[in-house]
Amino acid sequence: MADDKDNKAQVQLIMDLMISEPVKRINFMLGSMKIDGSGFMEVFNALREGRIKVGVGNIPANAAASYDYTDNVFDLPRANYGNGAFEKMLIVHESVHAIQDARGTYRPECPSPTRATVTEYEAAAYVAMAFYYRYAMQTPLDSDNPTRSAKPVYKLGDAIAQKLLRSGKTVVPDDDVMELRKAVAADQAYIDIGVKLDSLNFMNGIGPRR
Ligand SMILES: [Zn+2]
């Protein structure tokens, strides 16, 4: 159990990350979503105001960290998580889900046919974390640790980031989005939680600004 002091340090670490140079440089469009510095700034503000919280423990099987869109909480595996670019990259992944939650419009009482899919939201998170790693480390993800980053979702996310960087474009082509969405749906961690290619997301907002 982390005490309150640890938790404050953890909140500060994520806030610092949200306004760090590598995160501020992330800027792309994937499907219906634009992921850029303004989104990460929203997460920074929500953390500062306590509308998004940070918890330690309570991680689902097969996940390094997670974002709980019901309670609006970053769940980290232990206190002091987020040292080094690899762990920070995984926090960036979860912070994309926090952005999606902040913009989420799901209401059980009024289903919307335009809700994005879980796999599309995951695809955006994998591309964002690949950009983060490249910007932070000046090297692609798989040159750091081939074993940890050999998962297709990591590799495809990085391939998309590389392609955009090389072309100077910011919009992820639809074919690439679909390829990454299929890789998410085929990943055991997502199969285990029942995610299918076309499952719709449940991002429901993080509450009003105070
Ligand atoms: Zn995710």
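In this predicted model, strands β3 and β5 pair in the parallel sense, and four bridges join them. One of the residue pairs in this parallel arrangement is V54 with F74, where F74 lies in β5. On the other pairing, β4 and β5 (residues 73–76) run in the antiparallel sense over three bridges. F74 of β5 appears here too, as the bridge partner of Y67. F74 is thus a bridge partner of both V54 and Y67.

Together these strands make an open sheet of three strands in the order β3-β5-β4, with mixed pairing. The edge strands are β3 (53–56) and β4 (66–68), each of which pairs on one side only. On average, and ignoring direction, neighbouring strands of the sheet are turned by 30° against each other. Strands of a sheet pair through backbone hydrogen bonds, which may be set up in parallel or antiparallel fashion. The hairpin of β4 and β5 has four residues between the strands, and N72 in this hairpin takes a positive phi near 60°.

**Overall arrangement**

The protein has eight helices and five strands. Along the sequence they follow the pattern α-α-β-β-α-β-β-β-α-α-α-α-α. The C-alpha trace spans about 45 × 45 × 30 Å along the principal axes. A compact globule with 210 residues would have a radius of gyration near 17 Å, and the value for the protein, 16 Å, agrees with this.

**Helix packing**

Two packed helices are described by the angle between their axes and the distance between the axes. The table gives these values for two helix pairs.

| Helix pair | Angle between axes | Distance between axes |
|---|---|---|
| α5 (residues 118–137) and α7 (residues 174–186) | roughly 105° | within 9 Å |
| α3 (residues 37–48) and α4 | about 85° | 9 Å |

With axes about 85° apart in direction, α3 is roughly perpendicular to α4. On the α3 side the contact is made by G39, F40, E42, V43 and A46, which meet S95, A98, I99 and A102 in α4. Sorted by class, this contact has six nonpolar, two polar and one charged residues.

The axes of α5 and α7 cross at roughly 105°, and these helices are therefore also roughly perpendicular to each other. Helix α5 contributes T119, E120, E122, A123 and Y126, and these meet V177, L180, R181, V184 and A185 in α7. The contact of α5 with α7 has six nonpolar, one polar and three charged residues.

**Domains and their contact**

The protein is divided into domain 1, covering 8–102, and domain 2, covering 118–191. Taken over C-alpha atoms, the centres of the two domains are 17 Å apart. Domain 1 gives 23 residues to the contact, and domain 2 also gives 23 residues.

Which elements give two or more residues to the side of domain 1 that touches domain 2? They are α2 (21–24), β1 (28–30), β2 (33–35) and α4 (85–102). The largest share comes from α4, with 10 residues. Helix α4 therefore takes part in two contacts described here: it packs roughly perpendicular to α3, and it supplies the largest share of the side of domain 1 that touches domain 2. By class, the residues on that side of domain 1 divide into 15 nonpolar, six polar and two charged.

Terms used: Residues numbered from 1 in each chain as written. Predicted model: local features only at pLDDT ≥ 70, side-chain atom pairs only at ≥ 80, totals over all residues. Domains from an automatic or database assignment. Contact = placed C-beta atoms within 7 Å. Nonpolar A, V, L, I, M, F, W, Y, C, P; charged D, E, K, R; others polar. Axes fitted to C-alpha atoms, helices over the stretch in contact; angles between N-to-C directions. Parallel < 35°, antiparallel > 145°, perpendicular 65-115°, else oblique. Pairing = 2+ DSSP bridges. Rg over C-alpha atoms; globule rule 2.2 N^0.38 Å.
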